[in-house]
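Biologist: Show me the model, please. I would like to test the labels attached to it.

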There are 2 protein chains.
Amino acid sequence: MSPEQFRQYGHELVDWVADYWATLPGRRVRPDDAPGTVAGKLPATAPVAGDGLTGLVDDLDAIIAPGLTHWQHPRFFGYFPANTSGPSVLGDLVAAGLGTQGMLWATGPACTEVETVMLDWLADLLDLPGKFRSHATGGGVIQDSASSATLVATLAALHRASGGDWRTHGTRRRYTVYTSTEGHSSIEKAVRLAGIGDAGLRLIEVDDHTLAMNPDRLRERIAADLADGAVPALVVATVGTTSTTAVDPLPAIGEITREYGLWLHVDAAYAGAAAVCPELRHGHAGLEHADSYCFDPHKWLLTGFDCDAFWVADRAELIQALSVLPEYLRNAATDSDAVIDYRDWQVPLGRRFRALKLWFVLRWYGRDGLRAHIRSHVALARDFADLVRADPRFEIVAPSPYALVVFRLRGGAADDGDARNAALLDRLNAAGEVFLSHTRVRGRYALRVAVGSPQTTAVDVAAAWDAIRAAADGVCA
Amino acid sequence: MSPEQFRQYGHELVDWVADYWATLPGRRVRPDDAPGTVAGKLPATAPVAGDGLTGLVDDLDAIIAPGLTHWQHPRFFGYFPANTSGPSVLGDLVAAGLGTQGMLWATGPACTEVETVMLDWLADLLDLPGKFRSHATGGGVIQDSASSATLVATLAALHRASGGDWRTHGTRRRYTVYTSTEGHSSIEKAVRLAGIGDAGLRLIEVDDHTLAMNPDRLRERIAADLADGAVPALVVATVGTTSTTAVDPLPAIGEITREYGLWLHVDAAYAGAAAVCPELRHGHAGLEHADSYCFDPHKWLLTGFDCDAFWVADRAELIQALSVLPEYLRNAATDSDAVIDYRDWQVPLGRRFRALKLWFVLRWYGRDGLRAHIRSHVALARDFADLVRADPRFEIVAPSPYALVVFRLRGGAADDGDARNAALLDRLNAAGEVFLSHTRVRGRYALRVAVGSPQTTAVDVAAAWDAIRAAADGVCA
């Protein structure tokens with residue numbers, strides 16, 4: 001592709017993206033096609049001769065866009081948001097063009113150093129404890145996701161709990177990991193991947209009202225496991241659980257992990273972004289006890305996937321756990337010990353220049369712009385919760401400290417009630433006007449409205465509520 | 001950022017990328033700055049108010065570009081290449097703009113289906129065994145890197161070797177994993193991460209001339225481990241090792257893994273791309289024995305990082321090993337069993353629309369364009385090897401079946417010879433005219449010239465040889 005062709009297609013596709021964003025409000029939030037619809041529109045094999053991208057934009061319009069669930073849609077309220085933004089896309093564009101590899105400092109000094117500085121900027125914006133900064137004992141790194149952050153924390157915890165023996169002999173001892181019954185599924189996955197086995201995961205009971213981990217039960221379980229000969233290694237506490245954004249009590253949990261010498265990882269994948277606002281930092285009380293912490297700028301901080309920000313309090317422990325150094329990666333900078341080689345902070349070896357999009361986003365919005373972004377969603381969610389509360393057919397089933405509202409149709413025998421709520425969700429999502437997802441709270445089916453798409457306004461929230469009420473009329477008729 | 005601002009900056013940065021590529025030949029291949037140089041040019045904290053990206057392009061020119069090792073530079077011959085191309089960058093741009101999440105089919109049907117089709121296209125282009133196609137028992141998926149592919153294969157192998165018990169009880173038995181002494185460091189890392197422990201890794205001796213795994217030694221070691229009560233789980237064979245692109249003998253290894261029921265993973269991270277050319281498929285003989293296979297389009301197939309293509313022969317085994325299904329991810333399509341949910345094929349939960357860049361690349365170049373790309377580099381590497389052979393000061397130390405040439409200055413006592421070769425590399429790279437990396441072959445320091453940057457031509461290879469000779473004059477003087 002010649003430079004002129006790249007410019008021409010590049011300008012065309014920048015415009016296509018701008019048009020895509022502008023036309024989102026008029027699109028179905030998710031398609032209504034059977035599996036195989038998109039695949040059926042593609043040729044069975046690659047072309048023999050290059051086609052010069054003939055028909056590319058037509059195919060994007062006819063095959064790709066209609067076949068997607070639109071996460072940037074203003075009426076996408078499912079799961080947690082996966083924000084992106086203009087500055088983030090621009091940062092990704094430049095990073096893709098540079099095509100550099102940041103596995104070692106030496107293979108991309110700017111790639112490494114911008115990342116270190118951006119993670120320090122973020123630590124400052126969230127007012128994280130000083131130990132997580134690069135000029136203290138810790139430092140931050142971009143992981144692809146909170147799942148990988150949890151896995152990395154699990155590995156560092158095993159290294160510590162084993163006194164270093166884990167590197168050599170693996171998980172042949174009976175290690176245990178603790179999170180609440182509301183902890184994310186990636187914790188179960190990390191425990192399995194790390195070779196601990198599902199049987200080593202302890203799901204600690206939660207408070208029935210707040211749905212936050214009960215620290216008394218945590219202490220009892222650790223003590224029981226110790227008495228039973230197990231090796232407790234890690235507690236994963238959550239600030240903003242996936243089901244309901246419950247906040248585990250870090251001060252009490254942190255006292256326990258400190259007492260027993262366990263690694264404390266704090267998973268704030270969604271809610272961490274809210275800490276750019278001082279009035280939304282309550283969940284971080286006790287964070288000084290944490291050995292590691294993560295949140296996802298790619299969820300609610302206008303930065304496209306993948307960008308999980310992960311910090312450790314003691315980078316030496318992490319590096320000891322993960323480092324391998326073959327001859328072909330040796331270099332003077334690494335040997336000097338004066339640089340960060342981020343390959344030792346993550347699962348894969350290679351890495352893109354993901355800090356660039358973070359730099360673009362933080363420059364474009366600034367601290368105040370990010371605060372305004374978060375506050376607008378929190379206010380919209382409060383307004384939505386007020387609408388739900390005002391309708392006697394509905395009940396809100398969990399506290400709503402951020403921008404997620406979890407609610408359900410009241411009444412009826414348990415099974416009928418769950419079926420009615422499931423029918424309500426199916427009816428809503430099938431219409432394509434809005435998209436919501438669901439969960440179970442105290443065993444009962446509930447709907448989730450996560451306000452977080454950058455384009456979402458009061459009009460969209462009102463439209464969602466209208467659609468929900470209309471669907472409820474149908475389900476309850 | 002308004003749509004108009006996005007268009008304006010987008011066009012400007014597309015042009016910046018085109019200019020960056022055009023100006024690469026005139027740049028130093030890697031910077032000559034001390035650690036901290038880039039960080040020192042950045043503010044200590046994020047701006048309070050957004051700055052509208054004022055000075056952005058100036059900063060890219062003054063801080064970022066001069067602070068990078070330029071992997072797309074025509075005289076970058078280090079490590080293995082990390083190709084990108086215009087079509088790939090365009091695909092990444094569109095994917096970033098769509099900002100969709102492909103963790104489930106339901107959260108991005110087109111994201112999932114385009115990926116399945118593209119991996120079938122690639123399997124066809126490389127002429128992989130039929131079982132790896134999605135319409136057979138297998139299927140392909142994009143991993144971030146070959147490191148993650150190796151980890152995923154390790155987990156599936158543990159699942160099989162344990163009869164399923166690994167999911168519940170982890171790696172408490174003494175599992176063993178086999179690769180050659182030339183296997184990639186990511187195998188050691190996967191073994192550690194999976195909880196097997198470094199002690200469970202068996203590095204099998206290689207043939208002294210070909211540097212390929214000796215299958216007799218493999219068989220002996222497996223038998224000895226079995227006799228000793230260990231549980232052999234996995235063999236990782238390499239097609240194109242990192243040091244020298246040696247090719248392990250798959251037919252003989254495959255007979256052994258089949259006889260003992262071990263999982264065979266074939267790591268063709270670099271060399272797999274060459275199989276788009278029928279005359280370069282020799283390394284794939286015996287691939288019908290493999291349970292999984294991967295190669296990196298992001299190395300040598302014009303597709304930007306991250307894009308590792310990973311196939312399994314039996315997708316059910318992989319999914320059984322990795323699946324977790326919390327309530328909040330349940331959906332009708334998943335329950336129907338009629339779709340692929342790629343979250344169960346990888347470590348993280350979330351995933352980007354990476355298949356889009358692959359689609360753009362395969363359309364733009366077509367089968368013939370990709371063959372021409374590979375063949376040009378293979379021819380350039382042969383020409384370079386001829387130059388080395390013609391100079392009596394140098395010796396080539398390993399066969400060169402693809403586009404990597406490994407060589408060294410001859411002679412002298414062992415230690416002096418290694419020091420002289422290391423000095424040669426330092427002198428070369430410090431000048432910034434070319435970039436090479438090194439390895440050790442049979443314990444001796446050697447230099448590597450990997451021809452693979454898309455812009456590299458005969459002029460660049462000649463320039464590299466001139467620089468090497470001149471540096472050798474200096475070192476040998």
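Modeller: What follows takes the labels in turn and sets each against its rule. The model is predicted.

Biologist: Start with the interface. How many residues does each chain bring to the contact?

Modeller: Chain A brings 146 residues and chain B brings 146 residues. The area buried between chain A and chain B is about 12,600 Å². Carbon and sulfur atoms give 66% of that area. A:Tyr328, A:Arg363 and A:Trp364 supply 7% of what chain A buries against chain B, more than any other three residues.

Biologist: How do you know that the copies meet through the same surface?

Modeller: Of the interface residues of chain A, 100% are also interface residues in chain B, so the copies meet through the same surface.

Biologist: What makes the relation between chain A and chain B a two-fold axis?

Modeller: A rotation of 180° superposes chain A on chain B, with 0.0 Å of shift along the axis. The RMSD is 0.0 Å. The two copies are therefore related as by a two-fold rotation axis. In chain A, the C-alpha nearest the axis belongs to A:Arg172, 1.9 Å from it.

Biologist: Now the polar side. Why is the pair A:Asp19 and B:Arg7 called a salt bridge?

Modeller: The side chains of A:Asp19 and B:Arg7 meet at 2.7 Å, N to O. The cut-off is 4 Å between a side-chain nitrogen of Lys or Arg and a carboxyl oxygen of Asp or Glu, so the pair qualifies. The rule finds 12 salt bridges across the interface of chain A and chain B. Between these chains there are also 68 residue pairs in polar contact. Helix α1 (residues 3–23) of chain A gives the largest share of the side that touches chain B, with 16 residues. That side of chain A divides into 76 nonpolar, 42 polar and 28 charged residues.

Biologist: Stay with helix α1 of chain A. Is A:Asp15 buried, partly exposed or exposed, and why?

Modeller: A:Asp15 lies in helix α1 of chain A. Its relative accessibility is 23%. Partly exposed runs between 20% and 50%, so A:Asp15 is partly exposed. Beyond residues up to four places away in sequence, A:Asp15 touches B:Arg7 and B:His11.

Biologist: What makes A:Arg352 and B:Asp306 a salt bridge, and where do the two residues sit?

Modeller: Their closest N and O atoms are 3.8 Å apart. The limit is 4 Å, so the pair counts. A:Arg352 is in the loop between α13 (332–336) and α14 (355–389) of chain A. B:Asp306 is in the loop between α11 (297–300) and β7 (308–312) of chain B.

Biologist: Are A:Arg352 and B:Asp306 buried or exposed, and why?

Modeller: A:Arg352 has a relative accessible area of 9%, and B:Asp306 has 3%. Buried means under 20%, so A:Arg352 and B:Asp306 are buried.

Biologist: Which labels do B:Asp51 and A:Arg363 get, buried or partly exposed?

Modeller: B:Asp51 is partly exposed, at 25%. A:Arg363 is buried, at 5%. The two form a salt bridge, with the closest N and O atoms 3.3 Å apart. This pair crosses between chains, from the loop between α2 (37–40) and α3 (56–64) of chain B to helix α14 of chain A.

Biologist: Turn to a pair within chain B. What makes B:Arg160 and B:Asp291 a link between distant parts of the chain?

Modeller: They are 131 residues apart. B:Arg160 is in helix α6 (residues 146–161) of chain B, and B:Asp291 is in the loop between β5 (263–267) and β6 (292–295). Their closest N and O atoms are 2.8 Å apart, in a salt bridge. B:Arg160 is partly exposed, at 26%. B:Asp291 is buried, at 13%.

Biologist: Which residues do salt bridges with shared partners join into one network?

Modeller: The network holds A:Glu395, A:Arg408, A:Arg410, A:Asp418, A:Arg440, A:Arg444, B:Glu327, B:Arg330 and B:Asp335. Over all chains, the count comes to 78 salt bridges.

Biologist: Last one. Why is A:Thr112 called buried?

Modeller: A:Thr112 has a relative accessible area of 3%. The cut-off is under 20%, so A:Thr112 is buried. A:Thr112 is in helix α5 (residues 109–125) of chain A. Leaving aside neighbours within four places in sequence, A:Thr112 is in contact with A:Gly102, A:Leu104, A:Trp105, A:Ile340 and A:Tyr342.

How values were computed:
Residues numbered from 1 in each chain as written. Chains lettered and ligands numbered in written order. Predicted model: local features only at pLDDT ≥ 70, side-chain atom pairs only at ≥ 80, totals over all residues. Heavy atoms only, no water. Contact = heavy atoms within 4.5 Å. Buried area = accessible area lost by both parts, 1.4 Å probe. Polar contact = N/O pair within 3.5 Å; in protein donor to acceptor, adjacent residues only side chain to side chain. Helix = DSSP H or I, 4+ residues; strand = E, 2+ residues; numbered from the N terminus. Nonpolar A, V, L, I, M, F, W, Y, C, P; charged D, E, K, R; others polar. Least-squares fit on C-alpha atoms with pLDDT ≥ 70 in both. Buried < 20%, exposed > 50% of the residue type's maximum accessible area, 1.4 Å probe, protein only.
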